Amino acid sequence: MNSFTFVKKKVFKMDIDKRIQAFTELGLFLKNIANNSNKSELGYNFIKKMEEASISNQWFTASNINFALNEISKSLEKENLEKWISKYPKVKLNVNPKIVGIVAAGNIPLVGFHDIAVSYTHLTLPTKRIV
């Protein structure tokens, strides 16, 4: 049986324009990682984690991870985010935020990214997995 330790993270409320800006910047960061053009310490650490993932899970090859990063970065372009969010006018008003749980598969790189991205109000992540 698996057991997880959860830590509730502090919630930072942002209006929709700030969220779009933040996700656009994240998209650029991911695109630069996938293209090996991010030379920051965070970028270096991200690449090291990608290498570790490749060792422990054969589905997490560099090409699979880079493909996922590139596709996510495209969806995080400002125009794409604005087009997507325009279909959900209540999101702009932050009407009735909910707490949701997300269970994501572990065999596809970044498979739960979009689920986590839209769960902006309260996010609780497992910090440690004990098998």
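A residue counts as buried when its relative accessible area is under 20%, and the legends below apply this cut-off to close-up views of a predicted model.

**View 1. The aromatic pair of Phe 29 and Phe 46.** The structure holds one aromatic pair, in which the rings of Phe 29 and Phe 46 meet edge-to-face, with 5.8 Å from centre to centre and 85° between the planes. The pair links distant parts of the chain, since Phe 29 belongs to helix H1 and Phe 46, 17 residues apart from it, to helix H2 (residues 41-56). With a relative accessible area of 17%, Phe 29 lies under the cut-off and is therefore buried, whereas Phe 46, at 27% relative accessibility, counts as partly exposed.

**View 2. The surroundings of Thr 24 in helix H1.** Thr 24 is found in helix H1, which spans residues 16-34, and because its relative accessibility is 18%, Thr 24 counts as buried. When neighbours within four places in sequence are left aside, Thr 24 is in contact with Leu 76, Glu 77, Lys 78 and Leu 81.

**View 3. The largest nonpolar core.** This core has 18 residues, of which Leu 30, Ile 33, Leu 69 and Leu 76 touch the most other members. At least two residues of the core are supplied by each of H1, H2, helix H3 (62-75), helix H4 (78-85) and helix H6 (113-117), and H1 gives the most, with six residues.

**View 4. The contacts of Leu 69.** Not counting residues up to four places away in sequence, Leu 69 touches Leu 30, Ile 33, Ala 34, Phe 46, Met 50 and Leu 110; Phe 46 is also a member of the aromatic pair with Phe 29.

Conventions:
Residues are numbered from 1 along each chain as its sequence is written. This is a predicted model: local features need pLDDT of at least 70, side-chain atom pairs count only at pLDDT 80 or more; totals for chains, interfaces and linings use all residues. Side-chain values use heavy atoms; hydrogens and water are left out. Helices (H or I, at least four residues) and strands (E, at least two) are DSSP runs, numbered from the N terminus. Buried means under 20% relative accessible area, exposed over 50%, partly exposed in between (1.4 Å probe, protein chains only). Contact means heavy atoms within 4.5 Å. Rings of Phe, Tyr and Trp (its six-membered ring) pair if their centres lie within 6.5 Å; planes under 30 degrees apart count as stacked, over 60 as edge-to-face and the rest as tilted. A nonpolar core is a set of buried Ala, Val, Leu, Ile, Met, Phe, Trp, Tyr and Cys residues joined through side-chain atoms within 4.5 Å.
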